[in-house]
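Here are my notes on this one, as promised. They are in numbered points, so reply to whichever you like.

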Amino acid sequence: MNQIQPKWTAMLRRLSFRQLLYFCELCHFMNFRKAAESLGVSQPTLSQQISQLEENLELSLLSRSSTGFQITAEGQQCLRLFQSLLNDCSEELENIHSKAQQQELRVGIPSYQNFGQIDELLRGFRVA
């Protein structure tokens, strides 16, 4: 992987996946109240996180008015990027979980254990 430029490293450190998810959900619903309900947060929390995201990115993602908001051109670009990042992460996490669940359990048994002890240990493991 290439070295990230210091300016972008500092900016990326301030971002959170939560903010990216909140922005994507807001863009999906195009309504703060509905997006907040879907996310299980209050509307002020959602609004605060979106404002913080814009501040952290040093970009205006939304154009706000008294009748609502529109997604800016920069917001559209970020939305595509964030959706791609979140989709890639969720797919990879699904792969990791699938592989973890398919792994075999291997039990090492010291040579000094007798078969009665081994049988009792395995029975306890199955119960657990």
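1. Let's start with Leu62. Setting aside neighbours within four places in sequence, Leu62 touches Phe23, Leu26, Phe32, Ile50, Glu54, Phe69, Gln70, Ile71 and Thr72. Keep in mind as you read that this is a predicted model.

2. Which residues have the most contacts inside the largest nonpolar core? They are Phe23 and Leu62, in a core of 23 residues. Several elements feed this core: α2, α3 (32–39), α4 (43–57), β2 (68–71) and α5 each give at least two residues. Helix α2 makes the largest contribution, with six. As background, nonpolar side chains in soluble globular proteins tend to be buried together.

3. Ile50 is worth a look from the other side of that Leu62 contact. Ile50 sits in helix α4, and it counts as buried because its relative accessibility is 0%. Again leaving out neighbours within four places in sequence, its contacts are Tyr22, Phe23, Leu26, Phe32, Leu62 and Arg64. For a sense of the spacing here, the C-alpha atoms of Ile50 and Ser60 lie 9.9 Å apart, with their positions 10 residues apart in sequence.

4. Next to Ile50 in my notes is Gln49, also a residue of helix α4. Is Gln49 buried or exposed? Its relative accessible area is 13%, so Gln49 is buried, the cut-off being under 20%. Beyond neighbours within four places in sequence, Gln49 is in contact with Gln19 and Tyr22.

5. Now the helix pair. Two packed helices are described by the angle between their axes and the distance between the axes. For helix α2 (residues 17–29) and helix α5 (residues 73–102), the angle is about 120° and the axes are 9 Å apart. The crossing of α2 past α5 is left-handed. On the α2 side, the contact is made by Phe17, Leu20, Leu21, Phe23, Cys24 and Cys27. On the α5 side, it is made by Gly75, Leu79, Phe82, Gln83, Leu85, Leu86 and Cys89. By class, this α2 with α5 contact has 11 nonpolar residues, two polar ones and no charged ones.

6. Arg80 deserves its own entry. Arg80 is found in helix α5, and it counts as exposed because its relative accessible area is 52%, where the cut-off is over 50%. How far is the C-alpha atom of Arg80 from that of Cys24? The separation is 8.9 Å, for two residues 56 apart along the chain.

7. Please check two backbone spots. Most residues other than glycine have a negative phi. Met30, which is not a glycine, has a positive phi near 55°. Met30 lies in the loop between α2 and α3, and its relative accessibility of 36% is why Met30 counts as partly exposed. Glu58 is the other entry: a residue that is not a glycine, with a positive phi of about 60°. Where is Glu58? Glu58 is in the loop between α4 and β1 (62–65). With a relative accessible area of 54%, Glu58 is exposed.

8. One more loop residue, Ser16, is placed between α1 (6–14) and α2. Ser16 is partly exposed, as its relative accessible area is 26%. In sequence Ser16 and Asn56 are 40 residues apart, while in space their C-alpha atoms are 9.9 Å apart.

9. Last, the chain as a whole. How many helices and strands does the protein chain have? There are six helices and two strands, and along the sequence they run α-α-α-α-β-β-α-α. Of the 128 residues, 24% count as buried. The accessible surface comes to about 9,900 Å², and carbon and sulfur atoms account for 51% of that. As for contacts between residues at least 6 apart in sequence, 47% join residues at least 24 apart.

Notes:
Residues numbered from 1 in each chain as written. Predicted model: local features only at pLDDT ≥ 70, side-chain atom pairs only at ≥ 80, totals over all residues. Heavy atoms only, no water. Helix = DSSP H or I, 4+ residues; strand = E, 2+ residues; numbered from the N terminus. Buried < 20%, exposed > 50% of the residue type's maximum accessible area, 1.4 Å probe, protein only. Contact = heavy atoms within 4.5 Å. Areas by Shrake-Rupley, 256 points an atom, 1.4 Å probe, with all protein chains shown as cover. Axes fitted to C-alpha atoms, helices over the stretch in contact; angles between N-to-C directions. Left-handed = near helix turned anticlockwise from the far one by under 90°. Nonpolar A, V, L, I, M, F, W, Y, C, P; charged D, E, K, R; others polar. Core = buried A, V, L, I, M, F, W, Y, C linked by side-chain atoms within 4.5 Å.
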